[in-house]
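Open your viewer and get ready to click along. Each stop tells you what to select and what you will find there.

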2 protein chains.
Amino acid sequence: MSADNKHAEICDAPDTHTDVVELVRNTMPDDELLYDLADLFKVFGDTTRIRILYALEREMCVCDIAEVLGMTQSAISHQLKTLKQSKLVKSRREGKTVFYSLDDDHVRDIIDRGIEHITE
Amino acid sequence: MSADNKHAEICDAPDTHTDVVELVRNTMPDDELLYDLADLFKVFGDTTRIRILYALEREMCVCDIAEVLGMTQSAISHQLKTLKQSKLVKSRREGKTVFYSLDDDHVRDIIDRGIEHITE
DNA sequence: TGAAAACATGAACAAATGCTCATATGAAAG
DNA sequence: CTTTCATATGAGCATTTGTTCATGTTTTCA
């Protein structure tokens, strides 16, 4: 909690900079949380996965998703695994086919915020 | 608008699948929008950039950000460029130093939604 | 004008990532 | 039990990406 002056390492700045650095350091969330957060957004950061999430406004089976996106069943399956691990989609088995849908409302929420930013 | 039966290409599914595929296809946003959206989230999908955004709750100069994160000035500068191109941060010059801050409220909004999802 | 400080940028390299191809798993039908 | 359909998964490969290192810009001050 002591203010160990690291001023020398910082740019040739007025003393306020040192204060700001210390202050911001203390108000930053745990690195673990920020790491998980980046990992979550990384999942949204791919065109295929975003398109899958949009398609899943309605529950769909794997091969139909592949059909909608015009992509391989394998490619879709791989991405669905990623999406499921991040708890963005859930699955339900019915015989041979597996139906996927959005896991909760957060998903659409996050996407909508992104669209807001883009189309402002 | 005609329902050109692509049933053969789809999994051995009841006719409803074909309908769903067509329906979802028509309700999907333009690929360009989805591409831009993925690009936006891609920017959030990196630990360094997320940490920078958190640090910028207060306006800071480049070298102070580098100090807070314990990283090179060059690395930070590169990432700030990415963040600026996505309109997530803005900059203001004051003599030799350049101060960065969040561009608008959407940024913190999007991040908060992400945290909600993680810490649920 | 010349040097130093703060920042920006280009090239290069290592690490992460997404798709493809082949194959494995699991369920239903014959 | 064997086959077939829907899906899952592992390895391989090409592309993307983040950092480092060296250098370029811009501003200030002597």
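**A first stop on DNA strand C**

Select Val98(B): one of its polar backbone atoms is 3.3 Å from a phosphate oxygen of DNA strand C, a polar contact, that is, a pair of N or O atoms within 3.5 Å; within protein, one must be able to donate a hydrogen and the other to accept it, and residues adjacent in sequence count only if both atoms are side-chain atoms. Before moving on, note that this is a predicted model, in which local features need pLDDT of at least 70, side-chain atom pairs count only at pLDDT 80 or more, and totals for chains, interfaces and linings use all residues. Residues are numbered from 1 along each chain as its sequence is written, chains are lettered from A and ligands numbered from 1 in the order in which they are written, and side-chain values use heavy atoms, leaving out hydrogens and water.

Now select Gln79(A), where an N or O atom of the side chain is 2.5 Å from a phosphate oxygen of DNA strand C. For a contact to a base, go to Ser74(B): a polar atom of its side chain lies 2.7 Å from a base oxygen of that strand.

**The surface around strand C**

Which residues come nearest to DNA strand C? Among the 27 around it, they are Asp12(A), Thr48(A), Gln79(A), Ser77(B) and Tyr100(B); a residue counts as near if one of its heavy atoms lies within 4 Å. Of the atoms of DNA strand C that come within 4 Å of the protein, 66% are sugar and phosphate.

Colour by secondary structure next (DSSP runs numbered from the N terminus: helices are H or I, at least four residues, and strands E, at least two). Helix 3 (47-55) and helix 5 (73-85) of chain A, with helix 4 (62-69), helix 5 (73-85) and strand 3 (97-102) of chain B, each give at least two residues to this surface. Helix 5 of chain B has the largest share, five residues.

**Helix 4 of chain B**

Stay on chain B and select helix 4. Seven of its eight residues are buried, so this helix is largely enclosed by the rest of the structure; buried means under 20% relative accessible area, with a 1.4 Å probe and protein chains only. Val62(B), Asp64(B) and Ile65(B) are among them. Just after the helix comes Gly70(B), with a positive phi near 65°.

**Across to strand D**

Around DNA strand D there are 27 residues, and the nearest are Ser77(A), Tyr100(A), Asp12(B), Thr48(B) and Gln79(B). Select Thr48(B) to find a side-chain N or O atom 2.5 Å from a phosphate oxygen of DNA strand D. Ser77(A) puts a polar side-chain atom 2.6 Å from a phosphate oxygen of this strand, while a side-chain N or O atom of His78(A) is 2.8 Å from a base oxygen. Here the largest share of the surface, five residues, comes from helix 5 of chain A.

**The two chains together**

How do the chains relate? Rotating chain B by 180°, with 0.0 Å of shift along the axis, superposes it on chain A with an RMSD of 0.0 Å (least squares on the C-alpha atoms of residues with pLDDT of at least 70 in both). That is the relation of a two-fold axis.

For a last stop, select Phe41(A). Beyond its neighbours within four places in sequence, Phe41(A) has contacts (heavy atoms within 4.5 Å) with residues including Ile110(A), Phe41(B) and Phe44(B).

Notes: Buried < 20%, exposed > 50% of the residue type's maximum accessible area, 1.4 Å probe, protein only.
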